[in-house]
Each structure stands twice: as structure tokens, then as C-alpha cells.
Amino acid sequence: MIRLIETTQETTAAEAIGQLTPGYRCVGISAGQFSMLDVLDAIIDQVGTGGDVTLASWTIARTEIERVASFIEARRFGSLRLVLDRSFPTRWPQYVAALVEAVGTDVLRVTRTHAKFGLVSVGPWRIAIRASFNLNPSPRCEQFDIDDSPEIYALFDTWVSRLNVVAAPGLTHGGKKAFDALFARGSAWGKSLSRD
């Protein structure tokens, strides 16, 4: 069964998500009152801490860097991978040192990206979050999809794993070269991955 929800401005991420069950699926529209990190936090409250977490976003600001650092300190993540757009270091040079201090260099990758998604793998759960919202809340109409689906999870997980091969760790070694390697003609991404 699919959960369809239009939130009010007061609806929290936890209320929007409701109760997770195996094979959970949700499609929602929000007023931008919660963010990717809010959704991730609410999901971890239900599935448990210590899982493998992946976050992809166009950017990250100081407040979100501090929040990710607090998740790490509280051991809400067992591991973390963070993908940002290659422009992040030049657009926000004042945040680079704080981000590296918070998460380390090894978990960071940059490329040409505007994708916003989160992955959580813990126990039997393989949760994929796709949304228009960033890591921070923004008071405008946003959409989100959440699935407990090994297939959907694997699509995004495999892409990040390939990025980790073609882009060196950190904030300066991705960009166009990594993007071209990922999406070159003849790559796996030029083929349909759908199943009947």
C-alpha cells in the first residue's frame, strides 16, 4: 500500500512519514517545513541507529554541517557518504574546513550534481528518499518520495559507489571528469535497469 500525504505547515517529518512497514512507500507534498535531514532523523528513529547512510545534495550550509556532525557524534550513522556539487568549495569556501572537520575527507565526493536523495541501510531496511528539498528546510512547496525497496536503493547506492571509484575523496577531485566517467556513452547508466 502507498501512503499519499499533503502536509500542513505544522506537520512534522515524523507525522508525514507515519509508521514504517516492510515495503513501505510514501509520496508526499510539503510546505517545506522539514528537510532531508529531518526525514532522515525520523526514519532512523524507527529503523534504528548504526546503519549505512548516504546523502546527496547540491550544497550544505553551516547549520546542516553541525547537525550532521551531531548525528555522527550520537552514533546515529554507522557510516556516511556525502555527495555535493563540485561548486560547493568555491561558492562556500568559509564552510569547507568545518565540513571536513565534521565528517572527514574520505566520505566526501563532488561532481556535477543537483540530485537530492538519502539512503538508509540498517538490518533488513533499504530505504531510498528522493525529494526536491535540500538538507535544510525552505518554506516553499516541496515533494518527496520514500521507499523501502532494495531495487530503488540499489540504483542510487550503485551510482554513489561508482562515483567513489571515479572521483577521489574530498572536495576538489570530482567535477566534470567524474561526471563524464559516470555518464559516458556505453556506461551502465545508458541501459535500462528496469525489471518485469
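**Salt bridges, strand pairing and cysteines**

In this predicted model, Asp157 counts as partly exposed, at a relative accessibility of 22%. The side chain of Asp157 meets that of Arg81 in a salt bridge, with an N to O distance of 2.6 Å. Because Asp157 lies in helix H6 (residues 150-166) and Arg81 in strand E4, this pair ties together parts of the chain that are 76 residues apart in sequence. Arg81, for its part, is buried, with a relative accessible area of 17%.

The structure holds 8 salt bridges, and among them is the contact between Arg76 and Asp41, whose closest N and O atoms are 2.9 Å apart. Distant parts of the chain are linked by this pair, since Arg76 is placed in the loop between helix H3 (62-73) and E4, while Asp41 belongs to helix H2 (residues 36-47), 35 residues apart. Arg76 is buried, its relative accessible area being 15%. A further salt bridge is formed by the side chains of Arg130 and Asp147, at 2.8 Å from N to O. Here the link runs between two strands, Arg130 being in E7 (residues 125-131) and Asp147 in E8 (residues 142-148), with their positions 17 residues apart in the chain. Both partners are buried, Arg130 with a relative accessible area of 16% and Asp147 with one of 4%. Salt bridges with shared partners also join Asp38, Asp41, Asp45, Arg67 and Arg76 into one network.

Strand E4 (residues 77-85), which contributes Arg81 to the contact with Asp157, pairs with E5 in the parallel sense over 4 bridges, and Leu84 stands opposite Val110 in E5. Strand E5 (residues 108-111) is covered on both of its faces, as Leu108 and Val110 on one side are buried, and so are Arg109 and Thr111 on the other.

As to the cysteines, the structure holds 0 disulfides. Cys26 takes part in none, the nearest cysteine sulfur, that of Cys141, being 14 Å away; this distance is too far for a bond, given that a disulfide requires sulfur atoms within 2.5 Å. The two residues also contrast in their surroundings: Cys26 is buried, with a relative accessible area of 0%, whereas Cys141 is exposed, at 60%.

At the surface, Ile2, Leu4 and Val27 form a nonpolar patch that together presents about 250 Å² of accessible area. Of these residues, Leu4 has its place in strand E1 (residues 2-6) and is exposed, with a relative accessible area of 63%.

Note on methods:
Residues numbered from 1 in each chain as written. Predicted model: local features only at pLDDT ≥ 70, side-chain atom pairs only at ≥ 80, totals over all residues. Heavy atoms only, no water. Patch = residues over 30% accessible without salt bridge, like charges linked within 9 Å, V, L, I, M, F, W, Y side chains within 5 Å. Areas by Shrake-Rupley, 256 points an atom, 1.4 Å probe, with all protein chains shown as cover. Salt bridge = Lys/Arg side-chain N within 4 Å of Asp/Glu carboxyl O. Buried < 20%, exposed > 50% of the residue type's maximum accessible area, 1.4 Å probe, protein only. Pairing = 2+ DSSP bridges.
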